[in-house]
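Good morning, colleagues. I would ask you to keep the sequence and the structure in view while I speak.

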Amino acid sequence: MNNFFTSPASEWDDQAVRLTPIGILTVAAVIVLLISIALFLRYRQSNSRRITTKQLVFSSAAMALALVTSMVKLFEMPMGGSVTLLSMLFIVLIGYWYGPYAGLMTAIAYGLLQFVMEPIFYTIPQMLTDYPLAFGALGLSGCFSQQKNGLIKGYLAGVFGRYFFSFLSGVIFFSSYAPDTMAAPIYSLAYNGSYLGAEATITIIILALPPVSKALAQVKRMALEE
């Protein structure tokens, strides 16, 4: 696989690899495929192609905002992970607007997009756990799209889903980073919970503000109207 999809990376250590341009193009093709599947599933549930076009516009805008705000890091952890400017919220919104199928597919695509931004990894299972699975869990917000206070419930579900996969990755792939005085599962719980919990707390406080909740409700109506 080296020299075709991946090549050795010097940024981390001798066991890490980086995607080659061909590898990045392959991941980009998968991203396009996932978004296409999400659009198709939404179209199957809709009687109008205009809904699908609108979904593409709103979902693309949300993904772009998520990507931009993920680069605004209020606090960055020493070995990966950061408190960003509400970046998870914008991915959660896609599921909140269009339901679990579109939410999960676009969230997985966003996870791969995050990976492409820094395409360095150790193994395929580690990459899948840290990116498409962890970020893809944000799409669980779609399961609460029709419920009262669905955005807050969906956001919490998505964050807990991402937390689970980040915790799992820490235990399986990065347990060697745990200090000698702390068990790897406890360290992973604390490490990943610190930055995810901080961003989630900030976001929930903002979502609870009446002007913000009213504005987001109006945006949802715009996203769904024919």
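**A nonpolar patch and its surroundings**

Let me begin at the surface, where Val72, Leu74, Phe75, Leu85 and Ile202 make a nonpolar patch of about 430 Å². Please bear in mind that this is a predicted model.

One member of that patch, Leu85, lies in the loop that runs between strand 4 and helix 3, the latter covering residues 87–98. Is Leu85 buried, exposed or partly exposed? Its relative accessibility is 39%, and Leu85 therefore counts as partly exposed. Leu86 belongs to the loop between strand 4 and helix 3 as well. Its relative accessibility is 17%, so Leu86 counts as buried, the limit for that class being under 20%. The backbone of Leu86 also deserves a remark: its phi is near 65 degrees, which is positive although the residue is not a glycine. As a rule, most residues other than glycine have a negative phi. Asn149 is another non-glycine residue with a positive phi, near 55 degrees. Asn149 is located in the loop joining helix 5 (124–136) to helix 6 (150–173).

I turn now to the helices that follow Leu86 in the sequence. How many residues of helix 3 are buried? The count is 12 of 12, so this helix is mostly covered. Among the buried residues are Met88, Phe90, Ile94, Trp97 and Tyr98. Directly after helix 3 comes Gly99, with a positive phi of about 95 degrees.

Helix 4 takes up residues 100–117, 18 residues in number. From its first C-alpha to its last it reaches 25 Å, close to the 26 Å expected at 1.5 Å a residue. Buried residues in helix 4 include Ala102, Gly103, Thr106, Ala107, Tyr110 and Phe115. In general, an α-helix has 3.6 residues a turn, so residues three or four places apart point the same way.

Next, the strands. Strand 3, at residues 73–76, pairs with strand 4, at residues 82–84, in the antiparallel sense over three bridges. Within this pairing, Glu76 is placed opposite Ser82 of strand 4. The hairpin formed by strand 3 and strand 4 has five residues between the strands, and in it Gly80 adopts a positive phi near 100 degrees.

There is also an open sheet of three strands, with the order 1-2-5 and antiparallel pairing. Which strands stand at its edges? They are strand 1 (6–8) and strand 5 (120–121); each has a single partner strand, so one side of each is left without a neighbour in the sheet. Strand 2, residues 17–19, joins strand 5 in the antiparallel sense over two bridges, and there Val17 faces Phe121 of strand 5.

Finally, the chain as a whole. It contains eight helices and five strands, and along the sequence they follow the pattern β-β-α-α-β-β-α-α-β-α-α-α-α. Of its 226 residues, 44% count as buried. The C-alpha trace spans about 55 × 40 × 25 Å along its principal axes. How does the radius of gyration of the chain stand beside that of a compact globule? For 226 residues such a globule would have a value near 17 Å, and the chain has 18 Å, which agrees.

To close, I return to the loop between strand 4 and helix 3: Leu85 in that loop is partly exposed, whereas Leu86 is buried. Thank you for your attention.

Definitions and conventions:
Residues numbered from 1 in each chain as written. Predicted model: local features only at pLDDT ≥ 70, side-chain atom pairs only at ≥ 80, totals over all residues. Heavy atoms only, no water. Pairing = 2+ DSSP bridges. Helix = DSSP H or I, 4+ residues; strand = E, 2+ residues; numbered from the N terminus. Patch = residues over 30% accessible without salt bridge, like charges linked within 9 Å, V, L, I, M, F, W, Y side chains within 5 Å. Areas by Shrake-Rupley, 256 points an atom, 1.4 Å probe, with all protein chains shown as cover. Salt bridge = Lys/Arg side-chain N within 4 Å of Asp/Glu carboxyl O. Buried < 20%, exposed > 50% of the residue type's maximum accessible area, 1.4 Å probe, protein only. Expected span 1.5 Å × (residues − 1). Rg over C-alpha atoms; globule rule 2.2 N^0.38 Å.
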